[in-house]
Amino acid sequence: MTQSSSSLDLPIVYKYHVFACFTKRPPGHPRGSCMENGAQPLWDRLARRLDAERNPDVCMTSSGCLGFCRAGPLMVVYPEGIWYHPETVEDIDEIVEKHFKGGAPVERLIIVPNP
Ligand code: FES
């Protein structure tokens, strides 16, 4: 459920809050990074989809390293705490359609299931 502040009319509670890792390390860095693993076009697609749909229940926030760099690109969705490893823009579309619009997480893209 979304609530609005009375003075700014901004959403203060999101149904889904997405943190997408934008960390980029130099090529060959031992930890790797999500941006080196191809995150940019995926996050671009996610931002475009969310912007186009103007769904106030979903917020995307750029994050720093989430700690599992070599498994990137990574994004985490709260409140469930679901970790996704999308590889294609079609994966992003599937997450938007099934999870954010339909309420059903995309199991095949989850890398750290919420216990
Ligand atoms: S660089 Fe993205 S999880 Fe570490």
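**Close-up views of the predicted model**

**View 1. Ile 92, a buried residue of helix H2.** Ile 92 has 26 C-beta neighbours inside 10 Å, so Ile 92 counts as buried. The cut-off for that label is 20 or more. The coordinates shown here and in the other views come from a predicted model. Ile 92 sits in helix H2. Leaving aside residues up to four places away in sequence, Ile 92 touches Leu 42, Arg 45, Leu 46, Arg 49 and Pro 86. Leu 109 is another residue to locate in this view: 17 residues separate Ile 92 from Leu 109 in sequence, and their C-alpha atoms are 9.7 Å apart.

**View 2. The chain as a whole, for orientation.** Two kinds of element build the protein chain: 2 helices and 5 strands. Their order along the sequence is β-α-β-β-β-α-β. The protein chain has 115 residues, and 20% of them are buried. Take the contacts between residues at least 6 apart in sequence: 59% of these join residues at least 24 apart.

**View 3. The five-stranded sheet.** The sheet is open, and its 5 strands are ordered E2-E1-E3-E4-E5. Pairing within the sheet is mixed. Strands E2 and E5 (110-112) are the edge strands; each has a single partner strand, so one side of each has no neighbour in the sheet. From one strand to the next, the twist averages 30°.

**View 4. Strand E1 between its partners.** E1 pairs with E2 on one side and E3 on the other in the strand order of the sheet. The pairing of E1 with strand E2 (residues 58-63) is parallel and runs over 6 bridges. Three bridge partners can be picked out in E2. Tyr 16 is bridged to Val 58. Val 18 has Met 60 as its partner. Cys 21 has Ser 63. The pairing of E1 with E3 is antiparallel, over 4 bridges. Here Phe 19 has Val 76 of E3 as its bridge partner.

**View 5. Helix H1 and the β-α-β unit.** E1, H1 and E2 form a β-α-β unit, and the unit is right-handed. H1 lies across both E1 and E2. The angle between H1 and E2 is about 150°.

**View 6. The largest nonpolar core.** This core contains 17 residues. Ala 20, Cys 21 and Met 75 have the most contacts inside it. Five elements each give two or more residues to the core: strand E1 (16-21), helix H1 (39-53), strand E3 (75-78), strand E4 (82-84) and helix H2 (89-101). H1 gives the most, with 4 residues.

**View 7. The surroundings of Ala 20.** Ala 20 is one of the residues with the most contacts inside the largest nonpolar core. With residues up to four places away in sequence left out, Ala 20 touches Trp 43, Leu 46, Met 60, Ser 62, Ser 63 and Met 75. Several of these appear in other views. Met 60 is the bridge partner of Val 18. Ser 63 is the bridge partner of Cys 21. Leu 46 is also touched by Ile 92.

**View 8. Two cis peptide bonds in the loops.** Most peptide bonds are trans. The bond from Gly 72 to Pro 73 is cis, with omega near 5°. Pro 73 belongs to the loop that joins E2 and E3. The bond from Tyr 78 to Pro 79 is cis too, and its omega is near 20°. Pro 79 belongs to the loop between E3 and E4.

**View 9. Arg 54, a non-glycine residue with positive phi.** Most residues other than glycine have a negative phi. Arg 54 is not a glycine, yet its phi is positive, about 50°. Arg 54 is part of the loop between H1 and E2. Is Arg 54 buried or exposed? Arg 54 has 7 C-beta neighbours inside 10 Å, so Arg 54 counts as exposed. The cut-off for that label is 12 or fewer. Compare View 1, where Ile 92 has 26 such neighbours and counts as buried.

Key. Residues numbered from 1 in each chain as written. Predicted model: local features only at pLDDT ≥ 70, side-chain atom pairs only at ≥ 80, totals over all residues. Core = buried A, V, L, I, M, F, W, Y, C linked by C-beta atoms within 7 Å. Contact = placed C-beta atoms within 7 Å. Pairing = 2+ DSSP bridges. Right-handed = clockwise from strand over helix to strand, strands pointing away. Axes fitted to C-alpha atoms, helices over the stretch in contact; angles between N-to-C directions.
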